[in-house]
Amino acid sequence: MVEHVIARYGEISLKGKNRSDFERVLVRNMQRALELWPQVRLERTSGRIMVTLNEAPADEVIARLRKVFGIISLSPVEVTDTEISRVIEVAARFVQEQTKDHPQTFKVEARRPNKQYPLNSMEIAAQVGAGILKANPGWSVDVHTPDLTVFVELRSEGAFIYGEKVPAVGGLPVGSGGRVGLLLSGGIDSPVAGWLAMKRGVELEAIHFHSFPFTSERALQKVETLAGILAQWGTRVRLHTVHFTDVQTAIRKHCPENLGITIMRRMMLRIAAEISSQRRLLALVTGESLGQVASQTLESIHVINEVTHLPVLRPLIAEDKVDIIRRSREIGTYETSILPFEDCCTIFVPKSPRTRPTLTEVYDAEKNLPVDELVRGAIERTTLKTFLMDHEV
Ligand code: ATP
Ligand code: MG
């Protein structure tokens, strides 16, 4: 039975003196992902993380770790001492265990990070290859297109023998890049935008605008489900649910109908900016994509963005809808996103919304709107929930 798994990380290794901070965050996230198996031990060794299973199931551990941002690949691995006869013996056995689907051809790739080792890479490969052939009559070596490649690494801390490299999600460890506010609707786009932001190492605090009773409890549950799915990737996601009903009612009362959507978005951004300042979030993330709908023209984005100095990140700005949908299927949010519950944006939709609003007309349209009071009122009625990897708290 495999006792160890190696987790390799990519870009983190480029981070110079910050590297140990990144590694620390990565190890913490891996621990959270593996909470089901408290016996698992993690250890940093020469640019990778060694996972000691202590009887935890290798395939399930690997399935979990594939979703941890920062890891680029994983391999079940045998670790042994570096004496060559021992390496040969373990490699031959490992190959038999790993290859239930009866490969016929193989090659050995040897590396020798420990340059003190008495044999060079070619010699190691040749000797281990011969040992595998002896233990598996009928097999042959094929250096170009082998059914199986056996990797052997001789390091000062021991010999590592592994076969497949399972690709993982990549990116940077969540939490290594600070915290951002994600404007999370129940739609397809914003969960994908949040996922992409997490992939670059930031922790999410989702902000959702809810207009009960215009929008239903089920619409809110849907957003909570989405926050929970994102937490599976990000170890932890907080969700601020903003009471938006009064804001929408006031906009309808005080502002021209055709600018309703623009002003609603400006109010969302104002409230999100205020939450960000309270929670010390350094940027906001939205699911906007240029030209996708009327409120996502350059003119609209310009006018909406004008209410805040916070950076507003739009990871999907240049993505086509089909690609966003594909990604949302991959990350597991699609089936929830398409549930047909109305969102606060789909109520009060004007017959002919302005697609190219100007600042002058928006200032004029907002002149009777008690903006500060509405922001304050909405924030006072905001609730907070935290979603962890496997459950909500
Ligand atoms: P999505 O699929 O993310 O809902 P969309 O294509 O429906 O996007 P819009 O409805 O125009 O686009 O929303 C643009 C962005 O505004 C969303 O991606 C999201 O970031 C934010 N947003 C919209 N509605 C809400 C809401 N009720 N709560 C929080 N953020 C929202
Ligand atoms: Mg939407």
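This is a short tour of selected salt bridges in a predicted model, moving from one pair of residues to the next.

Before selecting anything, bear in mind that the structure holds 24 salt bridges, of which three pairs and one network are visited here.

Begin by selecting E153 and R155, whose side chains meet in a salt bridge with an N to O distance of 2.9 Å. E153 has a relative accessibility of 2% and therefore counts as buried, and R155 is likewise buried, its relative accessible area being 9%. Now extend the selection to R48 and R111, since these two residues are linked with E153 and R155 in a network of salt bridges.

Next, select E203 and R236, where the side chains again meet in a salt bridge, at 2.9 Å from N to O. This pair links distant parts of the chain, as E203 lies in strand β11 (residues 203-210) and R236 in strand β12 (residues 236-243), 33 residues apart. It is worth displaying the surface here, because E203 counts as buried at 9% relative accessibility, whereas R236 is partly exposed, with a relative accessible area of 23%.

Finally, select E224 together with K385, which form a salt bridge whose closest N and O atoms are 3.1 Å apart. Here too the pair links distant parts of the chain: E224 belongs to helix α6 (residues 217-234) and K385 to strand β15 (residues 383-388), with their positions 161 residues apart in the numbering. Which partner is buried and which is partly exposed? E224 is buried, with a relative accessible area of 16%, while K385 counts as partly exposed at 29% relative accessibility.

Note on methods:
Residues numbered from 1 in each chain as written. Chains lettered and ligands numbered in written order. Predicted model: local features only at pLDDT ≥ 70, side-chain atom pairs only at ≥ 80, totals over all residues. Heavy atoms only, no water. Salt bridge = Lys/Arg side-chain N within 4 Å of Asp/Glu carboxyl O. Buried < 20%, exposed > 50% of the residue type's maximum accessible area, 1.4 Å probe, protein only. Helix = DSSP H or I, 4+ residues; strand = E, 2+ residues; numbered from the N terminus.
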